[in-house]
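This briefing is written for a reader who has the sequence and the structure at hand. Please keep both in view while reading the points below.

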Amino acid sequence: VGLFSRSTQATRKLREESKQRLGVEYTVIQDVCTRWWSTYAMGNRLLTLKDCILILNLRGDIETNLTDGQWKVLQDIVALLKPFMIAQRLLEGQYYVTISLVPYVLHKIRTGLNEAFDSPAISEALKAVLTKMLLKFVEAFGSGSDG
């Protein structure tokens with residue numbers, strides 16, 4: 001992400017490549033520490049642009065140092081953060097009562113964590129993290145089948 005923040009040429013090439021391959025001019029999203037779900041947005045956009053970034057790298061238009069393993073870690077992190085992003089966006093509502101959404105939000109987080117855990121694409125390291133997260137979640141909010 002830093003490369004595209006520093007280089008207008010790299011950003012222009014990425015936009016052109018994404019327009020050609022995805023039909024939309026995309027660029028990267030910068031993580032913002034005051035926006036709780038921006039890490040998810042940044043990672044998800046990078047995954048969307050992965051092929052474009054790899055093509056630009058192969059052509060020599062940009063230089064990236066992300067390994068296949070790092071792309072996999074990013075994919076795992078995005079899967080892990082997705083249920084929390086959904087919950088955060090729901091609870092950011094200004095035009096509706098959000099307290100009534102708490103049971104639904106807890107259900108969505110639980111479902112998202114379970115789906116991520118059951119995904120055949122996740123790494124063993126993420127599975128270990130998810131196991132701990134699910135245990136803590138059940139400890140704090142119950143199993144969801146408690147009636």
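The points that follow concern nonpolar cores, one helix and two pockets. The model is a predicted one.

**The nonpolar cores**

- The largest nonpolar core has 16 residues, and those that touch the most other members are Phe 4, Leu 14, Val 28, Leu 46, Ile 53 and Ile 62.
- Two or more residues of this core come from each of α2, α3, α4 and α5, and α5 gives the largest share, four residues.
- Apart from this core lies another, of twelve residues, which include Ile 109, Ala 116, Leu 134 and Phe 137.
- In soluble globular proteins, nonpolar side chains tend to be buried together.
- Leu 14 may serve as an example of a core member. When neighbours within four places in sequence are set aside, Leu 14 is in contact with Phe 4, Tyr 26, Thr 27, Val 28, Leu 49, Cys 52, Ile 53 and Leu 56.

**Helix α4**

- Helix α4 comprises residues 50-59, and its buried residues are Cys 52, Ile 53 and Leu 56.
- These buried residues lie on the same side of α4 because they cover an arc of only 100 degrees around the axis.
- The exposed residues Asp 51 and Leu 58 are carried on the face of α4 turned away from its buried side.
- The cover over the buried residues of α4 includes α1, α2 (8-22), α3 (38-48) and α5.
- Gly 60, just after α4, takes a positive phi of about 85 degrees.

**The largest pocket**

- The volume of the largest pocket is about 290 Å³.
- Its lining consists of 17 residues, and Ala 79, Lys 82, Pro 83, Gly 112 and Glu 115 lie nearest the centre.
- The elements that give two or more residues to this lining are α5 (68-91) and α6 (102-118); the largest share, eight residues, comes from α5.
- By type, the lining of the largest pocket divides into eight nonpolar, four polar and five charged residues.

**The second largest pocket**

- The second largest pocket holds about 210 Å³ of space.
- It is lined by 13 residues, of which Val 1, Leu 46, Thr 64, Asn 65 and Leu 66 lie nearest its centre.
- At least two lining residues are supplied by each of α1 (2-6) and α5, with α5 providing the largest share, three residues.
- The lining of the second largest pocket is made up of nine nonpolar residues, three polar and one charged.

Methods
Residues numbered from 1 in each chain as written. Predicted model: local features only at pLDDT ≥ 70, side-chain atom pairs only at ≥ 80, totals over all residues. Heavy atoms only, no water. 1 Å grid on protein atoms, 1.4 Å probe; cavity = no way out; pocket = protein on both sides within 12 Å on 5 of 7 lines; lining within 4 Å. Points joined across faces, edges and corners; volume = space filled by probe spheres on them. Nonpolar A, V, L, I, M, F, W, Y, C, P; charged D, E, K, R; others polar. Buried < 20%, exposed > 50% of the residue type's maximum accessible area, 1.4 Å probe, protein only. Arc of directions from axis to C-beta. Contact = heavy atoms within 4.5 Å. Core = buried A, V, L, I, M, F, W, Y, C linked by side-chain atoms within 4.5 Å.
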